[in-house]
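User: I would like to go through this model with you, starting with the cysteines. Could you bring it up?
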Amino acid sequence: MTSDNDFDDTHVDASFTTIDTHTAGEPTRILLDGLDRSTLDGESVRAKRESFAEEYDWVRKLLMKEPRGHDDMFGAVIVEPNEDTADADLGVFFMDNKGYLDMCGHGTIGVVSALIEHGHLSAEPTIRVETPAGVVEATPQYAEGGVERVTIQNVTSFVYDATTVPVSFLDSPLRVDIVYAGNFFALVDSEQLGVSVDTTRTDEFVDWGLEIQAAVNDELDIVHPFSGEPDSVSITEIYESSDDADRSIVIFGGGQVDRSPCGTGTCAKMTLLYESGRLAVDEPYIHESVIGTRFEGRIIETKEREGITLTVPTITGTARITGKHTFIKDHRDSITSLSITSDEE
Ligand code: PYC
């Protein structure tokens, strides 16, 4: 018999240790050890993410998908930041059941909370995190010897476009706002669908969300205005407005649903509201997820660049650690990852 954390490694090909967290209900599985980071090419976190996607996509699948994960799992990989340019304390990129996102608010809150609470990061007043979308700043609030809440100042965000797309579930074309907040979002008012945002029709929302994303990406050739890089919508946010708190369901990856209000999605929604004069700088904004958990948001500043209005959005939320794991790949095991709900294994 071996002890709980001590595997007989006769059959072990690879092993990975993670700290798992949830932020407002949404998981982040944080890869700490097991990956030879020296094999990742490039200096920036974005380049390292590309290198990981080429060489180690099987690690993403192993950690995100069944039988070790599930179709709504989310992950973060810690890497060194770009020493020359980023002036950051750590680097992190994000992965899901289908691929990779450029930025993630709930994930950054989870990473910063877990790394501080486990002693991998010192408890500074602010922590600079390089992500594939750029550097974001985390400000933890400490209580009872731990991290109580974290505020993330996201990359500058902007309204990109608005369009209408034909969709199979409506007789008339659907209006969609395209907003950049670290990822490109398709934002849809649920009033157009004649339904409330709740968990009674999650499967329909997932189908609609994926269809909307595909329709917008067919319709528009999205190019990031400052990097000049071709891009695409990676997340659909269907929202319902109310006096108490706006509520959204957020669909991304291969059809997974964010249990949190989505950090970057909250920034996208605030940016849209600011642009249409419905949210002022420094006005608090409460955003609720489809399961009823909340983030607090605020636009702290706006800027102009090349004729585009940029917001500087922040979101605040709480993450808690759910476990620490060692996952192994047994060389006799032919099932490294599987899915019964999507084509990808
Ligand atoms: O919190 O930004 C976020 C996020 C993106 C996808 C899932 N969560």
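Analyst: What follows covers the cysteines, a helix, a charged patch and one strand residue of this predicted model.

User: How many disulfides does the count come to?
Analyst: The count comes to 0 disulfides. Cys104 is in none, and the nearest cysteine sulfur, that of Cys262, lies 6.7 Å away.

User: And why is Cys267 without a bond?
Analyst: The closest cysteine sulfur, in Cys262, is 8.5 Å from that of Cys267, which is too far for a bond, because a disulfide requires two cysteine sulfur atoms within 2.5 Å.

User: Are Cys104 and Cys267 buried or exposed?
Analyst: Cys104 is buried, with a relative accessible area of 5%. Cys267 also counts as buried, at 1% relative accessibility.

User: Turning to helix α2, how many of its residues are buried?
Analyst: Helix α2 spans residues 57–64, and 6 of its 8 residues are buried, so the helix is mostly covered.

User: Which ones?
Analyst: The buried residues of α2 are Asp57, Val59, Arg60, Leu62, Leu63 and Met64.

User: What about charge on the surface; which residues gather in a negative patch?
Analyst: The patch of negative charge on the surface consists of Glu43, Glu80, Glu83 and Asp84. Of these, Glu43 is located in the loop between β2 (26–33) and α1 (45–55).

User: Last topic: where does Val176 lie?
Analyst: Val176 belongs to strand β10, which covers residues 174–180. Val176 is buried, with a relative accessible area of 0%.

User: How far apart are Val176 and Gln213?
Analyst: Val176 and Gln213 are separated by 37 residues in sequence, and their C-alpha atoms are 9.7 Å apart in space.

Definitions and conventions:
Residues are numbered from 1 along each chain as its sequence is written. This is a predicted model: local features need pLDDT of at least 70, side-chain atom pairs count only at pLDDT 80 or more; totals for chains, interfaces and linings use all residues. Side-chain values use heavy atoms; hydrogens and water are left out. Buried means under 20% relative accessible area, exposed over 50%, partly exposed in between (1.4 Å probe, protein chains only). Helices (H or I, at least four residues) and strands (E, at least two) are DSSP runs, numbered from the N terminus. Patches are made of residues with over 30% relative accessible area and no salt bridge: like charges are joined within 9 Å, nonpolar side chains (Val, Leu, Ile, Met, Phe, Trp, Tyr) within 5 Å. Accessible areas come from the Shrake-Rupley method with a 1.4 Å probe; for residues, only the protein chains shown count as cover. A salt bridge is a side-chain nitrogen of Lys or Arg within 4 Å of a carboxyl oxygen of Asp or Glu. Lys and Arg count as positive and Asp and Glu as negative; His and the chain ends are not counted. The place of a charge is taken as NZ of Lys, CZ of Arg, CG of Asp or CD of Glu.
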